[in-house]
Each structure stands twice: as structure tokens, then as C-alpha cells.
Amino acid sequence: MNQTIECLMNHRSVRKYSERPVDPEILDVILKAGTRAATGGNLQLYTMLVLDDKNTLATLDKALEVPFIERSNCPVAIIALADQYRVRRWLQAHTDREVCNHRPYNFFMAIWDALIALQNSVVAAESLGLGTCYLGSGVELDVQELFGAPEYVFPAGLVCLGYPEVSPKLSKRLPLDAVVCHNRYHIPTDDDINRWYEERDRVWNTVPESRKTELSKQGIAGIAQALSIQKFSPKIVEKRSRGILKSLKNSRFDLYTGFDGD
Ligand SMILES: Cc1cc2nc3c(=O)[nH]c(=O)nc-3n(C[C@H](O)[C@H](O)[C@H](O)COP(=O)(O)O)c2cc1C
């Protein structure tokens, strides 16, 4: 163990923040640590959009699928934007050739860059005693309309941060053999699946009987069934995917057109 490993092993998502403000100098350290992450071609294909103004945070809250900012008392949110706009401007200023940086390859390079830098900032924040929480619906945000982003910019990830009001319980993880294979993918047996997820199934036993009765009316008799109905139903996934496809369209990344010979 060292302090870095200890910090990583103690991660928990924080969904309630105290009134303690985040010092701008601390925020700069957190952002700077993020920018030290590895980055494709050393191009830093991202922009960290920091929302630390009450009105802007309220705008974000309104745009989220489930409001989080006001409920959690979150003082700062960071949207990691995959950004091919800035580098395009630079390249175009120095060449008359076509600059092609809006295709799947460029999109994924920028997404990786943005998320790797964001997670570095998350670790830095947690090491300084702050709490963080990713919000999945960040990728559905229309950053062009909401925050004036130009084309070739796409929201790769959204993290809220602030000082924790309370420290939540450490959540469990799957055993290492469930998520790691050596040299070749291991197709799990049914027994593997049952063993790996039995901890999750046990959570069902902690659900109060009255709630279980309520859920049974929706055909839910376990955690996996609850997830299939509440998180992975075609209707819910379609709704969320539509948001992502709309923000992809606004960003003008071209992920679908084939290449000559396809
Ligand atoms: C991509 C992603 C999306 C997430 N979206 C949400 C979210 O919308 N709301 C939320 O409360 N937590 C969200 N989380 C936090 C997870 O729920 C949390 O990481 C998970 O339950 C494990 O708990 P822990 O982070 O406390 O260990 C998200 C995390 C990730 C990585």
C-alpha cells in the first residue's frame, strides 16, 4: 500500500456536498493534475468545461435527465469535452490541405483523451479530500446550445465535485477473476456468473418486504430483473440513446459515412 493506492481503494461516489467552497487554487491543481495524463499524440484533444457559477449550474441541472446539482448541493461540475475543434483551427492555420479530424478514429481519440484526463482529476480531487460523482446523462447534453461549444466538440463525461457532507459506505466490486482475463478471453460458465453476481443478488434480501411486494407487481423479483426493467428496457435505452445521437449530430462528427471501397 502507498497513499495513491489507498486513495484509489477508498473511492466512493459522493451525492451530498457540504457548504465548504472549493478554493479556485485547489480546483486549478485538480485540473492541472488531469492535464498531466497521457494524451494521444500529446495533442490534448479535450476541453474541461468547469461549471462553478450558480446560474450555470442551475442551467446544467435543468438539462439533466435527473436533476442532481441542487439536490446534492454540488458547487462544481466538470464536463470533459472531447474536442477536435481547437486542434483543427491550429492545423488549418498552417495548411491548405484538407484536415480530416472528424471521423471515428478522431472521435475516439478525443473521447479517450477527455475521459483519461477527467479521471486523473477525479483521483486528484479525492486525494485532496473532495468527493466526486460521475453523471451518465452528461453525454446527452447539448453543449452547443447550452454552453456555446463549437462543432467537433462532444461531451465525453460529466463529474460533480465538492467536499462531502457525509462519507458514503464503500461499495462492493466484482471479484478480480470476473473482470480480468490473462492472455485469452474467458467465456464464463453459468456457475461463474452465479458466483460473481451472488453478492448483488444478496442485496435483494435487504429490500424491505413492502417494497418487494410493490416491485413484484412490475414483475421484479430480484436485482437483475430490476435492472432489466429499470435500466436496460428497450424504451429507456432508446430514450437515452436518442439524446446521445442528437448531441453527436450537433457535434458534426461523422461516424457513419463509409470510406471508398467499403
Ligand atoms: C459512467 C458513469 C455514470 C454514472 N452515472 C451516475 C448517475 O447518473 N447518477 C449517480 O448518482 N451516480 C452515477 N455514477 C456513479 C455510480 O453509480 C457509482 O460509481 C457506482 O454505483 C459504484 O459506487 P462507488 O462509485 O461509490 O464505488 C456513474 C458512474 C459512472 C462511471
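In this predicted model, the ligand sits among ten residues of mixed character, and the N-terminal part of that shell comprises His11, Arg12, Ser13 and Arg15. The run Cys133, Tyr134, Leu135, Gly136 and Ser137 also surrounds the ligand, as does Ser171. Sorted by class, the shell holds five polar residues, three nonpolar ones and two that are charged.

Turning to the helices, a pair of them is worth a closer look. Packed helices are described by the angle between their axes and by the distance between those axes. Helix H2, spanning residues 24-35, packs with helix H6, spanning residues 104-127, at an angle of about 140°, and their axes are 7 Å apart. Angles over 145 degrees would count as roughly antiparallel, so H2 and H6 are oblique to each other. The crossing of H2 past H6 is right-handed. On the H2 side, the contact is formed by Val29, Ile30, Leu31, Ala33, Gly34 and Thr35. H6 contributes Ala117, Leu118, Asn120, Ser121, Ala124 and Ala125. This contact between H2 and H6 has eight nonpolar and four polar residues, with no charged ones.

At the level of the whole chain, two domains are assigned: domain 1 covers 3-169 and domain 2 covers 176-231. The C-alpha centres of these two domains are 31 Å apart.

Technical notes: Residues are numbered from 1 along each chain as its sequence is written. This is a predicted model: local features need pLDDT of at least 70, side-chain atom pairs count only at pLDDT 80 or more; totals for chains, interfaces and linings use all residues. A residue is near a molecule or strand if its C-beta atom, placed from the backbone, lies within 6 Å of it. Ala, Val, Leu, Ile, Met, Phe, Trp, Tyr, Cys and Pro count as nonpolar, Asp, Glu, Lys and Arg as charged, and the others, Gly among them, as polar. Axes are lines fitted to C-alpha atoms, for helices over the stretch in contact, and angles run from 0 to 180 degrees between N-to-C directions. Helices (H or I, at least four residues) and strands (E, at least two) are DSSP runs, numbered from the N terminus. Angles under 35 degrees count as roughly parallel, over 145 as roughly antiparallel, 65 to 115 as roughly perpendicular and the rest as oblique. A crossing is left-handed if the near helix is turned anticlockwise from the far one by less than a right angle, and right-handed if clockwise. Two residues are in contact if their C-beta atoms, placed from the backbone, lie within 7 Å. Domain bounds come from an automatic or database domain assignment.
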